[in-house]
Every structure is written in C-alpha cells, then in structure tokens.
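Q: I'd like to take a close look at one part of this model. Could you walk me through it slowly, as I'm new to this?

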Amino acid sequence: MPSTVHNTVYKNLIGRLVAARTAAGLTQQDVADALGKPQSYIAKVEGLERRLDVIELLEIWNAIGADPMSAIRACWAVVRKGKN
C-alpha cells in the first residue's frame, strides 16, 4: 500500500478540505489562527507535506465551519471499492 500522504484518496480528501476552506472565504492564515497554529501548518497540510490524524482533520474542518462527512463518505466509497 502506498504512503497515505501520496494516496489518491488522501489527495482527494485534502482537495475537498481546500475547496471547503475557499468556499467559506477563509485564508490559510484564518484557519491557522482559529487553531492557534502557524500558517505554515495549513500550507503543509494543503500541500500534502504533512499527514493528518483523524482528530487533526476534524479540528481543521471545524475551524473552517464545514461538515466533513460528505468528503469522508466520498473517500470511504473509493476505499471500499479498492480503487485507492
């Protein structure tokens, strides 16, 4: 199994996270400030340089003010089909 950071499903999940952030009209700095983290943290997540655990992922979605379940369900469907 390839590294999760470079996995197509992970890339899709982070792409959906970025789309949610931009749709909310937030910058990376806005999200970082809400989390008490440096902007580089969000940049590394979005640039696929930093792997997130589940709690970190949920905290970012919360900071964006968006529901992660649609993105998670879409990724789960791909994993279940074995197309990752």
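Which residue follows helix H4, and is its phi positive or negative?

A: The residue right after H4 is Gly 65, and its phi is positive, near 85°. Keep in mind that we're looking at a predicted model. With that said, let's go through the helix itself.

H4 covers residues 54-64, and its buried residues are Glu 56, Leu 57, Ile 60, Trp 61 and Ile 64. If you look down the axis of H4, these buried residues sit within an arc of 135°, so they line one face of the helix. Now turn to the face pointing away from that buried side: there you'll find Val 54, Ile 55 and Asn 62, which are exposed.

What does the buried side of H4 pack against? Its partners are four helices: H1 (8-23), H2 (28-35), H3 (39-46) and H5 (69-81).

Let's zoom in on Glu 56, one of the residues in H4. Its relative accessible area is 15%, and the cut-off for buried is under 20%, so Glu 56 counts as buried. Setting aside neighbours within four places in sequence, Glu 56 touches Tyr 41, Arg 50 and Arg 51.

The start of H4 is worth a look too. There, a side-chain oxygen of Asp 53 comes to within 3.0 Å of the backbone nitrogen of Ile 55. Step back into the loop between H3 and H4 and you'll come across Leu 48. Leu 48 isn't a glycine, yet it has a positive phi, near 60°. With a relative accessibility of 23%, Leu 48 counts as partly exposed.

Finally, what about two of the helices that H4 packs against, H1 and H5? Their packing angle is about 165°, and their axes are 10 Å apart. Angles over 145 degrees count as roughly antiparallel, and H1 and H5 are therefore roughly antiparallel to each other. The crossing of H1 past H5 is right-handed. On the H1 side, the residues involved are Val 9, Asn 12, Leu 13 and Arg 16. On the H5 side, they meet Ala 71, Ile 72, Ala 74, Cys 75, Val 78 and Val 79.

So here's a route to follow on screen: begin at Leu 48 in the loop between H3 and H4, look at Asp 53 at the start of H4, follow the buried residues such as Leu 57 and Trp 61, and stop at Gly 65, which comes after the helix.

Key
Residues numbered from 1 in each chain as written. Predicted model: local features only at pLDDT ≥ 70, side-chain atom pairs only at ≥ 80, totals over all residues. Heavy atoms only, no water. Buried < 20%, exposed > 50% of the residue type's maximum accessible area, 1.4 Å probe, protein only. Arc of directions from axis to C-beta. Contact = heavy atoms within 4.5 Å. Polar contact = N/O pair within 3.5 Å; in protein donor to acceptor, adjacent residues only side chain to side chain. Axes fitted to C-alpha atoms, helices over the stretch in contact; angles between N-to-C directions. Parallel < 35°, antiparallel > 145°, perpendicular 65-115°, else oblique. Left-handed = near helix turned anticlockwise from the far one by under 90°.
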